[in-house]
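Hi everyone, thanks for making the time. Let me put the structure up so that we can walk through a few places in it together.

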Amino acid sequence: MAPSSIVILTGAGISAESGVDTFRDKDGIWSKYDLNDVATPEGFARNPAMVHDFYNQRRASLANVKPNPAHEALARLEQAWHGDFLLVTQNIDNLHERAGSRKLIHMHGELTRAFCANCNIRCDAGETLSVETACAHCGSRGYMRPDVVWFGEMPYRMERIYAALNACDLFVSIGTSGNVYPAAQFVQEAGRAGAHTLELNLEPSLGFSDFAEAEHGPAGTIVPRWVERLLASRD
């Protein structure tokens with residue numbers, strides 16, 4: 001029997017296949033930068049220019065990557081699905097949107113967005129941000145920052161996410177390591193609510209044993225295959 005409500009969580013593994021640098025792998029971004037310098041409110045307060053340069057580079061790199069078959073398959077699933085559907089991503093890139101996903105929450109924020117700490121307005125970041133960037137709403141300078149969730153900050157729209165997890169009957173985790181919280185606990189939350197849980201990952205995650213079912217391999221291969229099976233089960 002096909003599920004009526006789906007929640008999908010995606011992590012760095014799905015975008016890595018498009019060439020997006022990961023953060024936690026052995027040769028990932030955190031092996032080259034101290035996260036305390038570029039991914040904390042305290043680091044931004046100490047050296048905002050360094051932080052802006054770090055995220056400006058990440059933002060510019062988006063022009064060199066494109067959605068892969070896994071992103072495209074999830075967008076196709078959203079468009080074809082008649083029940084409730086929510087895609088939650090830990091990624092701050094825009095590859096899901098570029099593939100066509102619309103029912104989407106960026107729980108860790110978005111590289112392409114900016115946030116004014118003076119008036120709390122969010123807006124498009126443009127190509128670059130700097131300490132001289134003026135807020136288009138309040139006009140202040142020195143308050144604009146990347147609209148990303150830093151260490152020590154609360155991920156976005158958690159109330160909406162937990163409501164969906166407790167209402168879904170299928171939870172799927174794709175390309176996640178299972179060591180970033182609170183996302184690592186989503187499988188337990190959905191499982192307690194009675195959802196079937198599935199891991200689609202390159203290799204078993206740290207939370208592998210919490211899933212009822214798993215399939216391992218490259219996301220660009222296994223995700224389109226799973227989507228086709230799911231859509232066929234509905235017919």
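Let's begin with helix α7, on the face turned away from its buried side: the exposed residues there are Glu159 and Ala167. Please keep in mind that we are looking at a predicted model.

Now turn the helix around. Which residues of α7, spanning 158-167, are buried? They are Met158, Ile161, Ala164 and Leu165. These four lie on the same side of α7, because the arc they cover around the axis is only 125°. For the general background, an α-helix has 3.6 residues a turn, so residues three or four places apart point the same way. And what sits over that buried side? The cover includes the strands β1 (5-10), β2 (84-89), β3 (104-106) and β7 (170-174), along with helix α8 (186-192).

Next, a charged residue that I think this group will enjoy. Arg59 belongs to helix α4, residues 48-61. Arg59 is buried, and yet it has no salt bridge. How far away is the nearest side chain of opposite charge? That side chain is Glu127, at 8.9 Å, while the cut-off for a salt bridge is 4 Å. The backbone of Glu127 is another story: its oxygen lies 3.4 Å from a polar atom of the Arg59 side chain. Leaving out residues up to four places away in sequence, Arg59 touches a run of neighbours from Ala125 and Gly126 through Glu127 and Thr128 to Leu129, and also Leu111, Thr112 and Pro146.

Thr112 comes up again with our next residue, Asn94, which is in contact with Thr112 and Leu62 once neighbours within four places in sequence are set aside. Asn94 sits in the loop between β2 and α6 (95-99). Is Asn94 buried or exposed? Asn94 counts as buried because its relative accessibility is 18%, and the limit is under 20%.

Last stop, the cysteines. How many disulfides does a search of the whole structure find? Zero. Take Cys123: the nearest cysteine sulfur belongs to Cys135, and it is 6.1 Å away. For Cys135, the nearest cysteine sulfur is that of Cys119, at 3.7 Å. A disulfide needs the two sulfur atoms within 2.5 Å, so Cys135 is in no disulfide. As for their surroundings, Cys135 counts as buried because its relative accessibility is 5%, whereas Cys123, at 21%, counts as partly exposed.

That's my tour, thanks for listening, and I'm happy to rotate the view for anyone.

Key
Residues are numbered from 1 along each chain as its sequence is written. This is a predicted model: local features need pLDDT of at least 70, side-chain atom pairs count only at pLDDT 80 or more; totals for chains, interfaces and linings use all residues. Side-chain values use heavy atoms; hydrogens and water are left out. Helices (H or I, at least four residues) and strands (E, at least two) are DSSP runs, numbered from the N terminus. Buried means under 20% relative accessible area, exposed over 50%, partly exposed in between (1.4 Å probe, protein chains only). Lys and Arg count as positive and Asp and Glu as negative; His and the chain ends are not counted. A polar contact is a pair of N or O atoms within 3.5 Å; within protein, one must be able to donate a hydrogen and the other to accept it, and residues adjacent in sequence count only if both atoms are side-chain atoms. Contact means heavy atoms within 4.5 Å. The arc is that of the directions from the helix axis to the C-beta atoms.
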